[in-house]
Each structure stands twice: as structure tokens, then as C-alpha cells.
Amino acid sequence: MRIYITRAIPADLTALQALAEVNIWPQRLPPSQQVLQAEVENIDGLLCLLTDPIDAALLEAAPRLKVISQMAVGYDNIDVAAATARRIPVGHTPGVLTDATADFTWALLMAAARQVVTGDRFTRSGQWQTWEPALLLGPDVAGATLGIVGLGRIGQAVAKRAQGFGMRIFYHSRQPVEAATEAALNAEWVPLEHLLQRSDFVTLHVPLTAETHHLISSAQLAQMQPTAILINTARGPIVDAAALYEALKTEQIAGAALDVTEPEPIPLESPLLTLDNLIITPHIGSASRQTRETMAEIAIANLIAGLKDEPLPHCVNPMVYQR
Ligand code: NAP
Ligand code: GLV
């Protein structure tokens, strides 16, 4: 059997190499679609990253492919319907990155609220001359109201952290979570509009789907408070970047922090990069050493299961196993 891995990953490949010939794209930047198309021609398994568009055309170029394993929890880069139509199971890495991503969300929330990045720039540029009563003021985090859009694994982990800050928590998702979970997290389901109107901080934890594309656009930003801060560690296209630029520029909202952008990487000429009330990090929500190693291990385990015709431990389209 032959497998292709679209980038070097922090995993022990011995078990995989005992089963298949393993080829790895050696460069730091992702393979082009043309390279990928040629590489998948004779492979049985593909281990990919969220930067690789796995679309119907690519699947057509891979007639032998029997498993796709993505080293990420989100899988919006993969045409899952096309894979399912071919009965190809798609694996992902849920759960193991929940704490790392929730921690990072919290880091962004605190940094945006308390001007950590602006303060660093201020210091390095020589502007720090004295202690000033009104220097770089921000809102209180303790006791504030947090709005969580998507109370799944990561949203719940963010809510747990908010308990320590004595925050009031509103959340929105298509279905309310179980009453016991709501009670444990002290979280109240509300319509999105209500969440936006009432929250001091709004944090996004929904997957990118047709339904969540530009879920936050001009109308939603207009519903937020002028003192509110928006955090996005989910996927860039969930927020309409042009609308966010206008809302930040005109101080319709106070600030934002994004770990994900549309597109990625954000072009250096993007007007968003001219704003002082915005923090942008390069999609590093799950980037703790241990988390990335565990993600790679799970991606390998999914791949091996698929090659052996066994059910994937973490499968996004288990319907492929139905007769
Ligand atoms: P999850 O457990 O599946 O949670 C997703 C939540 O979103 C669920 O509560 C779901 O509830 C809700 N949801 C789905 N569609 C919705 C909609 N249209 N409107 C409102 N709520 C909706 O996923 P997770 O593990 O927490 O991960 C969430 C996302 O974070 C991933 O998909 C990925 O894109 C992103 N992520 C980013 C990083 C990073 O490095 N920045 C790291 C990890 C994950 P309902 O089904 O009831 O609506
Ligand atoms: C990262 O963004 C992931 O989806 O795992």
C-alpha cells in the first residue's frame, strides 16, 4: 500500500511504515493542488492538514484512495459528501486540542481586554515615560458577561475557564445543551441577537459550514455593544472581514482578536492590519507541543484503521460503514 502525508508531522511513523510505503511532502509550505493531484494518483491513504483543499476533483484523481485522515478537528477543507459518495471514511482529531484551544482563546480575550499587545508596542517604541492614571485602560474581565457562540467541546472548555472569573455566560447553538451541562457551566441559551446585544465578550466556537459562513457580518456587529470585544478562534470565514474592518474602524465595537482569518494567511495589504484595536495570530490555537503530538498520533491511528478496513477511531462520516 502507499500513503501520502502532506507535511512533516510530529509522529512516530514506524507502525505506518510497516504497513505501507510512506511519502511525505518535505517543504514548509503546503503542496500545490497540481502536486497533490499527481501524488494521490496511486495512493491508498492520505494524511492531510487543514491547508489542503481535498475537493471532488482531487478525489477523482485518487481512484485507489480508501481513507482520508486529517490532523485537525475542523474539516471544512474536505468535501466530505464527495468522500462519503465514494465510501471513503474521513478521520479527524477531536477532543485532544480542546484545552489548548480554550487556553489560547482565553489568552486572546485577556490580551485584547487588557491591551497586552498595544502595551508591548507602546513600550518598545519608547512611549512609556511614566505611570499614568488613564494609560491603556480596558474593560474588566472578572464579573463581565461572556457570549459563547457554539457550546461544543471548545465552547464548553472556554465556559469552564470563565467560572474562575465569575462571569455571566450566555451561549447560542442550534440546540441547547443538556440541562445538566448548562447548570454545571452556569450557562444560559439565548438567541444569537440577544447574546450579541448583552455580552461584553463574544467568542466563536462553531465549525465553518454553509450556515455559519459570515454568521457575524454588519447586522450582527451592529447589535454588539460599543465596548464589546469579539474573539474568533474557530474559522476565518465565520466573520465577514470587510464588515469587521468597518466596525473596528468606526469603533462600533471596541476590539477584536482573531486566530483565524479569511483568507489564511491574511494578505499584508489587508486594511485589518492597519487597526490598533485588533490582534491577529497565525492560526495557533492548538499549538502546544503535547497537543500537536497527540493530534499527529490520532491522525496516524485513524489512517492505519482505514488502511486495515477497520472503523476509524474518530470518523466524521460514519455513514460510510452503513450497508
Ligand atoms: P464541536 O464540539 O463540534 O462544537 C461545535 C459547536 O457548534 C456545537 O456546539 C454545535 O452545536 C455548534 N454549531 C454548529 N453549527 C452551528 C450553527 N449553525 N449555529 C450555531 N451553533 C452551531 O467542535 P469543537 O471541537 O468545539 O471545535 C469547534 C471549531 O473550532 C472546529 O470546527 C474548528 O473549526 C475550530 N478550531 C480551531 C482551532 C484553532 O487552531 N484556532 C483549533 C481547534 C478547533 P449545535 O449542533 O447544537 O448547533
Ligand atoms: C484547527 O484549526 C483544527 O481544526 O484542529
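**Exercise 1. The loop around Thr-212**

In this predicted model, the side chain of Thr-212 reaches a backbone oxygen at 2.6 Å. Find which residue supplies that oxygen, then describe the setting of Thr-212.

*Solution.* Step one: the backbone oxygen belongs to Pro-207. Step two: place Thr-212 in the fold; the residue sits in the loop between strand E9 (201-204) and H10. Step three: look at its accessibility. Thr-212 has a relative accessible area of 10% and is therefore buried, the cut-off being under 20%. Step four: list its contacts, setting aside neighbours within four places in sequence. These are Val-206, Pro-207, Pro-237 and Ile-238. Pro-207 thus appears both as the partner of the side chain and in the contact list.

**Exercise 2. From ligand 2 to His-92**

Work out which residues surround ligand 2, which of its oxygen contacts involve backbone atoms, and where His-92 is found.

*Solution.* Begin with the shell: Leu-50, Ala-72, Val-73, Gly-74, Leu-97, Arg-235 and His-283 are the residues around ligand 2. Sorted by class, they give four nonpolar, two polar and one charged.

Next, take the polar contacts. Val-73 brings a backbone N or O atom to 2.8 Å from an oxygen atom of ligand 2, and Gly-74 does so with a backbone N or O atom at 2.8 Å. Arg-235 uses its side chain instead, with an N or O atom 2.7 Å from an oxygen atom of the ligand. On its own, ligand 2 has 190 Å² of accessible area, and the protein covers 87% of it.

Now step outward to His-92, which lies in the loop between strand E5 (90-91) and helix H5 (98-113). The link is Val-73: the side chain of His-92 reaches the backbone oxygen of that residue at 2.7 Å. His-92 is buried, at a relative accessible area of 8%. Beyond its neighbours within four places in sequence, its contacts include Gln-70, Ala-72, Val-73, Tyr-75 and His-314.

**Exercise 3. The surroundings of ligand 1**

Identify the residues that come nearest to ligand 1, and then look for side chains that make polar contacts with one of its oxygen atoms.

*Solution.* There are 24 residues around ligand 1, and Arg-153, Ile-154, Arg-174, Thr-233 and Asp-259 come nearest. By class, the shell holds seven nonpolar, 12 polar and five charged residues.

For the contacts, start at the backbone: a polar backbone atom of Ile-154 is 2.9 Å from an oxygen atom of ligand 1. Then turn to side chains. Arg-235 places a polar side-chain atom 3.3 Å from an oxygen atom of ligand 1, and His-283 places one at 3.4 Å from an oxygen atom of ligand 1. The protein buries 86% of the 930 Å² that ligand 1 exposes when taken alone.

To finish, compare the lists: Arg-235 and His-283 also belong to the shell of ligand 2.

**Exercise 4. Helix H11 from end to end**

Describe how H11 begins, which of its residues are buried, and what follows the helix.

*Solution.* At the N-terminal end, Asp-240 acts as the cap: a side-chain oxygen lies 3.1 Å from the backbone nitrogen of Ala-242. Along the helix, residues 241-249, the buried ones are Ala-243, Leu-244, Tyr-245, Ala-247 and Leu-248. Their cover includes helix H10 (218-223) and the strands E10 (229-232), E11 (255-258) and E12 (278-280).

After the helix comes Glu-251, whose phi is positive, near 55°, although Glu-251 is not a glycine. This residue is in the loop between H11 and E11 and is exposed, at 59% relative accessible area.

**Exercise 5. Cysteines and cis peptides**

How many disulfides does the structure hold, and which residues do the cis peptide bonds join?

*Solution.* The count of disulfides is zero. The check is a distance: the closest cysteine sulfur to that of Cys-48 is in Cys-315, 13 Å away, so it is too far for a bond. Both residues are nonetheless buried, Cys-48 at 0% relative accessibility and Cys-315 at 18%.

For the peptides, one cis bond joins Glu-262 and Pro-263, with omega about -5°. Another joins Glu-264 and Pro-265, again with omega about -5°. Pro-263 is in the loop between E11 and E12, and Pro-265 lies in the loop between E11 and E12 as well.

Definitions and conventions
Residues are numbered from 1 along each chain as its sequence is written. Chains are lettered from A and ligands numbered from 1 in the order in which they are written. This is a predicted model: local features need pLDDT of at least 70, side-chain atom pairs count only at pLDDT 80 or more; totals for chains, interfaces and linings use all residues. Side-chain values use heavy atoms; hydrogens and water are left out. A residue is near a molecule or strand if one of its heavy atoms lies within 4 Å of it. A polar contact is a pair of N or O atoms within 3.5 Å; within protein, one must be able to donate a hydrogen and the other to accept it, and residues adjacent in sequence count only if both atoms are side-chain atoms. Accessible areas come from the Shrake-Rupley method with a 1.4 Å probe; for residues, only the protein chains shown count as cover. Ala, Val, Leu, Ile, Met, Phe, Trp, Tyr, Cys and Pro count as nonpolar, Asp, Glu, Lys and Arg as charged, and the others, Gly among them, as polar. Helices (H or I, at least four residues) and strands (E, at least two) are DSSP runs, numbered from the N terminus. Buried means under 20% relative accessible area, exposed over 50%, partly exposed in between (1.4 Å probe, protein chains only). Contact means heavy atoms within 4.5 Å. A disulfide is a pair of cysteine sulfur atoms within 2.5 Å.
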